[in-house]
Each structure stands twice: as structure tokens, then as C-alpha cells.
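Thank you all for coming. Please take a moment with the sequence and the structure before I begin, and then I will go through a few places one by one.

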Amino acid sequence: SLLLDAADRSLKTNEELHGIITAGHTLRTATVIRTVEKNGEHMPEKFSVWAPQVIAGIGNQADTLHDRSLRIGLRRKKSSETVRKLNPHFFEEMADTRSKMMRWSTDNQISLQTAAVDVPQLGNDRAQDNWDPLFRVAAVAGGSWPEHILRAYTVMEAPSDTDEETSGIQLIRDCCRIL
């Protein structure tokens, strides 16, 4: 897994990192080619960069990253709000839960791969691809999970009136309305 904080800084100044993060949208295509020295000769070699990723940053990220993402908006805590502090031993305390999740995914690997799911078309073209794994997990988990994931997908991917317009086009439209 890749956890990247301050992406607003690191991705805007590091094209190579951006290229690795956005390389491919499937296990088969998520690769980069780098040269590797073998017996004194530099040879191109393909590397998989397929991994779950959590990327946090302030402001908007590049469109190529947005298209490959399930975006969760964050905001600063208000002074009137309280939050429970994360226990510094959280990782260790969750070892049993992580083990159970790994076992469940291993036990259900074939069911997850073959689950018949219908992800509705919402948002951009990649939204269905982005959400497909979560729909599969929900289908295999059963119960109310398929309804929960459909509701989350519908809320998070519902297109807005400005999805297809850049800020420049929006500005021109606003000026036209005013004039």
C-alpha cells in the first residue's frame, strides 16, 4: 500500500512520482519501465506499481489522479468540534482485525473475482472501474452491504452541473450571464 501525504506539494514537483502513481488502471497495465544494471549493461525492465493508494493533499490534484480515485473530501476541524485522538498503538491493536480481513479476502478470492455486479454509470468514464472492487466486496459480504455501497457511490459520483467545465469556461459563462 502507498500512503502519500502532502501530495499538493510532492506530485506537482515530481513528474516521475506522478507517473508512477497514475500508471495504469488495472493490475495488468499498472507498470513502469526502468533501466536496471545487469552485468554492467543497462537493460529496460518492467516493474509493477499496482497497489492500494491513499493520497492526501490540500486543494485540487491533477485530472489524471482524480480520474483514478475515489475522492473523500476532508476539512480542518472547527474549534467547536472535538475528535477522539488516535491511539499511538492503533496499528498493533488492530493486528487481529487485519488478520481476519486477510483471511476473509483469501477465503473469498474466487467469489470476489467472479461476483456478478452491476455498477451504474455515473460521473466520468472511470467511475465504474474505480468502484467495481467495492461493489464486489459488498456483493460477497451480502446483507445490507450492496445497498450501502450503492448509496455511497450514488452520492459521491453524482455528476454536478460543472463537472465538464474548467474554471476558465465557468468564468466566461458567469461573465456572459452578468453582461
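**A walk through the model**

Let me start at the surface, where Leu 70, Ile 72, Leu 74, Leu 134, Val 155 and Met 156 make a nonpolar patch of about 610 Å². A patch here is built from residues with over 30% relative accessible area and no salt bridge, with like charges joined within 9 Å and nonpolar side chains (Val, Leu, Ile, Met, Phe, Trp, Tyr) joined within 5 Å, and the areas come from the Shrake-Rupley method with a 1.4 Å probe, only the protein chains shown counting as cover for residues.

Before going further, please keep in mind that this is a predicted model, in which local features need pLDDT of at least 70 and side-chain atom pairs count only at pLDDT 80 or more, while totals for chains, interfaces and linings use all residues. Residues are numbered from 1 along each chain as its sequence is written, and side-chain values use heavy atoms, with hydrogens and water left out.

One member of the patch, Leu 134, is found in helix α7, residues 127-141; helices (H or I, at least four residues) and strands (E, at least two) are DSSP runs, numbered from the N terminus. With 35% relative accessibility, Leu 134 counts as partly exposed, where buried means under 20% relative accessible area, exposed over 50%, and partly exposed in between, with a 1.4 Å probe and protein chains only.

In that helix α7, the side chains of Asp 132 and Arg 136 meet in a salt bridge, 2.6 Å from N to O, the rule being a side-chain nitrogen of Lys or Arg within 4 Å of a carboxyl oxygen of Asp or Glu. Asp 132 and Arg 136 are four residues apart in α7, and therefore about one helical turn separates them. In general, an α-helix has 3.6 residues a turn, so residues three or four places apart point the same way.

How many salt bridges does this rule give? The count comes to six, and another of them joins Glu 16 to Arg 34, with the closest N and O atoms 3.3 Å apart. Because Glu 16 lies in helix α2 and Arg 34 in strand β2, this pair ties together parts that are 18 residues apart in sequence.

Helix α2, residues 15-21, also holds His 18, and is that residue buried or exposed? His 18 is buried, since its relative accessible area is 12%. The side chain of His 18 makes a polar contact with the side chain of Thr 64 at 3.2 Å; such a contact is a pair of N or O atoms within 3.5 Å, and within protein one must be able to donate a hydrogen and the other to accept it, while residues adjacent in sequence count only if both atoms are side-chain atoms.

Ser 69, in the loop between α3 (63-66) and α4 (90-93), is likewise buried, at 17% relative accessibility. A polar atom of the Ser 69 side chain lies 2.5 Å from the backbone oxygen of Leu 65.

By contrast, Asn 39, in the loop between β2 (31-38) and β3 (41-48), counts as exposed at 84% relative accessibility. Asn 39 has a positive phi of about 55 degrees although it is not a glycine.

I will finish with helix α9, where the count of buried residues among its 12 residues is zero.
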